[in-house]
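The following exercises concern a predicted model. Each task is followed by a solution that goes step by step.

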Amino acid sequence: MTVRAFTFLAACVASAISPVLAHSSAGSQEFRPSHDAAAERGPQIFNAVHNAMRQWGSSLHHNGMSYFLAEVPEGVLFHHGNSKIESPTDPDWLAYEIEHAEGFARPRMGRPPGGPPGGGKPPRPPTPEGAPQLDLVEDGNPQRVIGDHPQTHIAEETHGYLHVYRTSQPLRYLYVDGMGGGKTSMGTLDSQDYLLRGVGSVRENMPGSRTAPGGPMDEQQRAIDLCELCKDWQLEGVIRMEAGFEIIQCNFSVGLEQIQVLQRPESGLDRRGELGNLEFVRGLAERYQGIGSTRTIIDYSSMVSAFFFPANLTNPNPKRPDLPRLSNLADSELSAIKEYLTNTIEERREKPRRIIDWQDVSDLIVGRYADRLEFMAEHIQSISIMSSEISFLLDVFIDYSEKDEGTRISAAVDRCTNFYLRSIRPETEADQLIHTAFKSVTEEICSTLFVVRDVVAAKATVSSSSLTLAVKMLRSLITKLGWARFKRCPACAVNEVCLIPMWPFGTVEDYEAPRCTNGTQDRDGENYWGGFRGRPGGPDGKGPWPAAMQ
Ligand SMILES: *[C@@H]1O[C@H](CO)[C@@H](O)[C@H](O)[C@H]1NC(C)=O
Ligand SMILES: *[C@@H]1O[C@H](CO)[C@@H](O)[C@H](O)[C@H]1NC(C)=O
Ligand SMILES: *[C@@H]1O[C@H](CO)[C@@H](O)[C@H](O)[C@H]1NC(C)=O
């Protein structure tokens with residue numbers, strides 16, 4: 001390794017450890033976004049942009065720390081399952097996918113307390129014999145279901161109904177990223193509960209401890225609270241994701257035209273039969289890489305992220321340092337971020353929905369480097385092949401007319417770093433911060449690759465240890481980037497789907513190593529989401545499939 005290589009490496013290490021918190025003077029009046037924070041959280045911000053409205057990356061990086069304004073254009077179909085022929089009159093759920101809403105198109109009996117996605121209340125897990133259980137509600141009164149509508153006619157509720165709506169005008173929402181529909185104590189609800197709702201009572205709720213009232217399953221109140229905010233912000237609701245994307249629609253009379261409502265058969269879910277699991281996950285897997293570019297348009301220039309702020313996002317759970325949390329933040333910090341979000345929403349209200357597609361930029365970067373980094377780090381056993389792969393990637397940035405080696409390389413690193421950012425002219429503060437974050441990511445990639453190039457190209461000194469060193473640097477780069485693509489399954493057969501935990505199902509093992517499955521090769525395992533109240537997973541809180549599907 002040459003001296004230059006060491007200098008590059010030292011620079012990378014130094015930039016990686018500069019602590020964000022050192023820049024925030026304690027007690028300072030203004031708690032604002034900072035470019036130091038954005039640079040240090042570069043990979044996380046990059047991933048938040050890259051994974052927005054994508055089921056795969058948002059399942060892997062499930063603790064969302066960011067918000068975006070989003071618009072659903074006219075003419076988009078949504079689905080809602082419940083026990084009534086009438087449309088909901090209270091805030092309720094719309095599902096992007098048919099499969100998601102179908103699970104809720106059933107009579108009221110057999111519904112759980114609290115948490116619905118894609119429809120009214122989600123189906124109660126069947127007992128082992130397959131009969132629906134009675135509802136158990138938070139206050140222990142089995143007669144009262146949270147969110148019950150007073151004028152409900154019990155007699156009519158013997159069937160489920162599947163409603164289909166079409167947007168009759170463009171509708172604007174707040175998109176809460178990550179797995180915001182996941183009712184867990186792992187941090188999936190932090191950005192809603194701590195920050196938007198200011199609910200502090202669940203903060204102490206660490207894994208294993210009992211949930212305080214108003215905890216993760218308090219979905220009806222969560223919807224009401226979020227809709228209060230949306231009213232002030234002139235938004236129609238909140239977009240979130242669990243096993244499927246959904247919208248908390250605050251008022252079904254605004255901008256929705258019902259195009260179909262069909263009564264479901266008595267047997268409900270049973271008709272899914274043997275292929276139910278496979279087909280349910282197939283529907284979700286279809287959205288791993290995106291919800292469809294015209295179904296929901298994200299205004300990246302409106303991004304507000306806790307990652308932008310000099311905040312302590314360290315997970316108090318030492319077993320999951322990879323997952324950010326908002327549980328350490330002081331109330332004053334949480335409300336400062338919320339105020340900043342409110343101001344951003346105001347500022348962006350009349351603006352065109354998308355001036356800059358930062359996700360496109362992230363796609364170009366991931367598309368160019370992801371597989372090549374993995375190939376170099378995991379599959380190359382020869383120095384000369386490593387060297388030619390690196391040259392293939394980097395030659396485009398080198399000006400061979402420049403004779404001074406040092407100048408030539410530093411100019412090349414600079415070109416490489418800025419290459420994909422050249423397409424963008426930042427306009428808003430969010431754009432500037434995303435730019436800083438993306439640049440820290442490309443700088444990391446480019447400077448590491450040029451060091452690796454040096455390590456494997458220095459003919460006089462190359463040896464097998466050079467290859468070892470190169471691989472080590474590439475692996476550490478891959479870890480630091482944390483791109484969801486590095487975890488994807490190989491292409492699955494048409495009778496299989498790739499499975500990653502999506503609340504409420506999936507196992508710890510599925511998270512570590514997502515796999516292709518046909519839905520019958522269940523591997524027993526610990527439910528990834530901690531089997532909150534024993535509900536997610538099977539009746540015993542275990543198993544990879546949604547309880548209702550088993
Ligand atoms: C929902 O929207 C309709 C139509 O604009 C309006 O008449 C109604 O009052 C709204 N409902 C609520 C609860 O705000
Ligand atoms: C950040 O939070 C973690 C977890 O609660 C804590 O251990 C750590 O001391 C905090 N760091 C700072 C600088 O306050
Ligand atoms: C799924 O795979 C298992 C094991 O490979 C096989 O026994 C089973 O028949 C398959 N199920 C379906 C529905 O294809």
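**Exercise 1. Helix H9**

Determine how the span of H9 compares with the expected one, and state which elements its buried residues pack against.

Solution.
- Step 1. H9 comprises 18 residues, and the distance from its first C-alpha to its last is 26 Å. At 1.5 Å a residue the expected value is 26 Å, to which the span is close.
- Step 2. The buried residues in H9 include Leu-334, Ile-337, Leu-341 and Ile-345. Also buried are Ala-336, Tyr-340, Thr-344 and Arg-348.
- Step 3. An α-helix has 3.6 residues a turn, so residues three or four places apart point the same way.
- Step 4. The packing partners of the buried residues of H9 are E1, E5, H6, H7, E9 and helix H13 (429-457).

**Exercise 2. Helix H7**

Repeat the analysis for helix H7, and state what backbone feature follows it.

Solution.
- Step 1. Helix H7 covers residues 219-233, which amounts to 15 residues. Its first and last C-alpha atoms are 21 Å apart, close to the expected 21 Å.
- Step 2. Among the buried residues of H7 are Glu-219, Gln-220 and Arg-222, together with Ala-223, Leu-226, Cys-227, Leu-229, Cys-230 and Trp-233.
- Step 3. These buried residues pack against four strands, namely E3 (92-95), E5 (171-176), E6 (237-242) and E7 (244-249), and against helices H6 (190-196) and H9 (331-348).
- Step 4. Just after H7, the phi angle of Gln-234 is positive, at about 55 degrees.

**Exercise 3. Ser-66**

Establish whether Ser-66 is buried or exposed, and identify the partner of its side-chain polar contact.

Solution.
- Step 1. Ser-66 belongs to strand E1 (residues 66-72).
- Step 2. The relative accessible area of Ser-66 is 0%. Because buried means under 20%, Ser-66 is classed as buried.
- Step 3. Its side chain makes a polar contact of 2.8 Å with the side chain of Ser-305.
- Step 4. Leaving aside residues up to four places away in sequence, Ser-66 touches Ala-48, Tyr-175, Val-176, Asp-177, Met-303, Val-304, Ser-305 and Phe-307.

**Exercise 4. Ala-311**

Locate Ala-311 and give its distance from Glu-333 in sequence and in space.

Solution.
- Step 1. Ala-311 sits in the loop between strand E9 (297-305) and H9.
- Step 2. With a relative accessible area of 1%, Ala-311 is buried.
- Step 3. Ala-311 and Glu-333 are separated by 22 residues in sequence, while their C-alpha atoms are 7.8 Å apart.

**Exercise 5. Strand E2**

Explain why strand E2 is described as largely enclosed, and describe how it pairs with E4.

Solution.
- Step 1. Strand E2 spans residues 77-82, and 5 of its 6 residues are buried, so the strand is largely enclosed by the rest of the structure.
- Step 2. E2 pairs with strand E4 (residues 161-167) in the antiparallel sense, over 6 bridges.
- Step 3. At His-80, the bridge partner in E4 is His-163.

**Exercise 6. Ligand 1**

Describe the surroundings of ligand 1 and state how much of its area the protein buries.

Solution.
- Step 1. The residues around ligand 1 are Asn-251, Ser-253 and Val-254.
- Step 2. An oxygen atom of ligand 1 lies 2.3 Å from a polar side-chain atom of Asn-251.
- Step 3. Ligand 1 taken alone exposes 360 Å², of which the protein buries 27%.

**Exercise 7. The whole protein**

Summarise the secondary structure, burial and contacts of the protein.

Solution.
- Step 1. The protein has 15 helices and 11 strands.
- Step 2. Of its 550 residues, 56% are buried.
- Step 3. Among contacts with a separation of 6 or more, 75% join residues 24 or more positions apart.
- Step 4. The protein exposes about 23,100 Å², with 53% supplied by carbon and sulfur atoms.

Methods
Residues numbered from 1 in each chain as written. Chains lettered and ligands numbered in written order. Predicted model: local features only at pLDDT ≥ 70, side-chain atom pairs only at ≥ 80, totals over all residues. Heavy atoms only, no water. Near = heavy atom within 4 Å. Polar contact = N/O pair within 3.5 Å; in protein donor to acceptor, adjacent residues only side chain to side chain. Areas by Shrake-Rupley, 256 points an atom, 1.4 Å probe, with all protein chains shown as cover. Helix = DSSP H or I, 4+ residues; strand = E, 2+ residues; numbered from the N terminus. Expected span 1.5 Å × (residues − 1). Buried < 20%, exposed > 50% of the residue type's maximum accessible area, 1.4 Å probe, protein only. Contact = heavy atoms within 4.5 Å. Pairing = 2+ DSSP bridges.
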